[in-house]
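The following exercises concern salt bridges and helix packing. Please consult the sequence and the structure below, then work through each solution in order.

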Amino acid sequence: MLLLIGAMFVFAACGSSDDDATGDDTSEGTSEDANDAPAAEGGELVIATLSEAVALDPHGSNDTPSSNVAYNIYEQLVVQDENMDLQPGLATSWEMIEDTVWEFYLEEGVTFHDGTPFNAEVVKANIDRILDEAVASPRSFLFNMINEVIVVDEYTVQFVTDYSFAPLPAHLAHNGGGMISQAVIEADYEAMADGGDPGATINENPIGTGPFKLDYWNSGDEMRLVKNEEYWGEPAHLDSIVFRVVPEDGTRIADIETNVAHISDPLSPSDVSRIENTDGIFVNRTPSVSLSYIGFNVQKEPFTDVRVRQAISMAINKDAIINDLYGGAGIPAIGPIAPNVFGFDDSIEGLEYDVEAARELLAEAGYADGFDTTIWTNDSRERIDAATVVQDNLSELGINVDVQIVEWGAYLDDTAAGEHDMFILGWSTVTGDADYGMYPMFHSENHGTPGNRTFIANDELDRLLLEARQNPDPDERQALYSEAQQILVEEAPMLYIHHQEFLIAVSDDVQGLWQHPTGILMLKDVTLAQ
């Protein structure tokens, strides 16, 4: 079974609230070879980033900016390497001892930033918290198949699942499974009993076992992490990392050009040539397991009518979006998951770009003269430009689209609450398995924050997704996911744009950096040249 599971995750990620080979093999230059100057211990790495973290409670947020920071503070039982292969993290090994029982053996002698020990009791406290309805974790879907966590001894823990669930180790590698100090979890529960919000105490005092710990967080400006001097494994090289919020693309580029920052994340495709022609900086390219999409709120008229959703999908020239706005950085998407992610079916055919067919569908639905609507985006340049393309394309059908740019935190909250019409967002299939790429995004149990921001509710789709995650047979799972993908093409809850290529600008002084196919920056082994 373990060999089978391992094989499922050996893949070349194609193209991950919201996602080919991995970064080092295909980047134009890597931070290891960009500069021959000797590396030094210490120093402060400055990252100019588009969006601020929403939360530092790993169980309480489901966005990449938060995960990029939290990954350095917290650790999981299992980790994924650059090839998405599963490797030991806080667990040294694991095995399926029964169809519904996984046993994990934990690293001994690990302590949290507050000096408290990591052990099986802590693992139980963390998983129990994620599944606690009072906490309402948006990442509970990762582990809602777990019926019970059993502490076998101090360093052995068992997960009893409601059904056989082959991808469990990969789910435990998700940063939503980051281990928090039990003392802080208990303090957070005490604050909740006094009327506090779940996670508020953890956000103020994020305590993990990771190589870095929080120094300060000036909301809206920057966050600083400092080296964990008592780290249980190989220590980090850097003294500190600063995540500086710089919403404007041009300012982020200027910061790296003037050595104010070492990394600009993300890099707009339209700025690639500028970086390539600037001495001392290079473009790091990483094909990803992500999806960029334009979603429809299927519970709001006129998007309650599948013909309207299909018509809009057929009227938008997504090839122009990919080539003109993203510089061709990625491959077109037919459905929600990328090729070579387990469950992908290359026989599925998507809706073709066909304006006249779209016009006929709108007329059938009673909207021959079009209608007024809105499309939301955050302040990403490519997403804003994509919204403008949508606005222009749909004007040909008499659909008047108002483009609204919403601040990142409010964007996540308001789309989770279903206040939008259309919206632009992305999702990374971070486990390499279609369960993660489809269950949170399209199952009706996951409306809102967990991932289903289109609010689709299809009984047949729900059944397929539930059966697929419960079935241990890979061939039968594949067949179920093929059916589900066909339904998603026909139901058209979103326009699947592309599986993008991550682009960041990096100073030649940065060595040892790589970006995971999920988009997370791997910073533990980074050094700065003298």
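**Exercise 1.** Is K124 buried, partly exposed or exposed, and what is its relative accessible area?

*Solution.* The model is predicted: local features need pLDDT of at least 70, side-chain atom pairs count only at pLDDT 80 or more, and totals for chains, interfaces and linings use all residues. Residues are numbered from 1 along each chain as its sequence is written, and side-chain values use heavy atoms, with hydrogens and water left out.

Step 1. Buried means under 20% relative accessible area, exposed over 50%, and partly exposed in between (1.4 Å probe, protein chains only).

Step 2. K124 has a relative accessible area of 27% and is partly exposed.

**Exercise 2.** Identify the salt bridge partner of K124 and state the separation of the pair in helix α4.

*Solution.* Step 1. A salt bridge places a side-chain nitrogen of Lys or Arg within 4 Å of a carboxyl oxygen of Asp or Glu. The side chain of K124 meets that of D128 at 3.1 Å, N to O.

Step 2. The two residues are four residues apart in helix α4, hence separated by about one helical turn. D128 is partly exposed, at 34% relative accessibility.

**Exercise 3.** Characterise the salt bridge between D57 and R129.

*Solution.* Step 1. The N to O distance is 2.8 Å.

Step 2. D57 lies in the loop between β2 and α3, and R129 in helix α4, 72 residues apart. (Helices are DSSP runs of H or I with at least four residues, strands runs of E with at least two, numbered from the N terminus.)

Step 3. D57 is buried at 4% relative accessibility, and R129 is buried at 0%.
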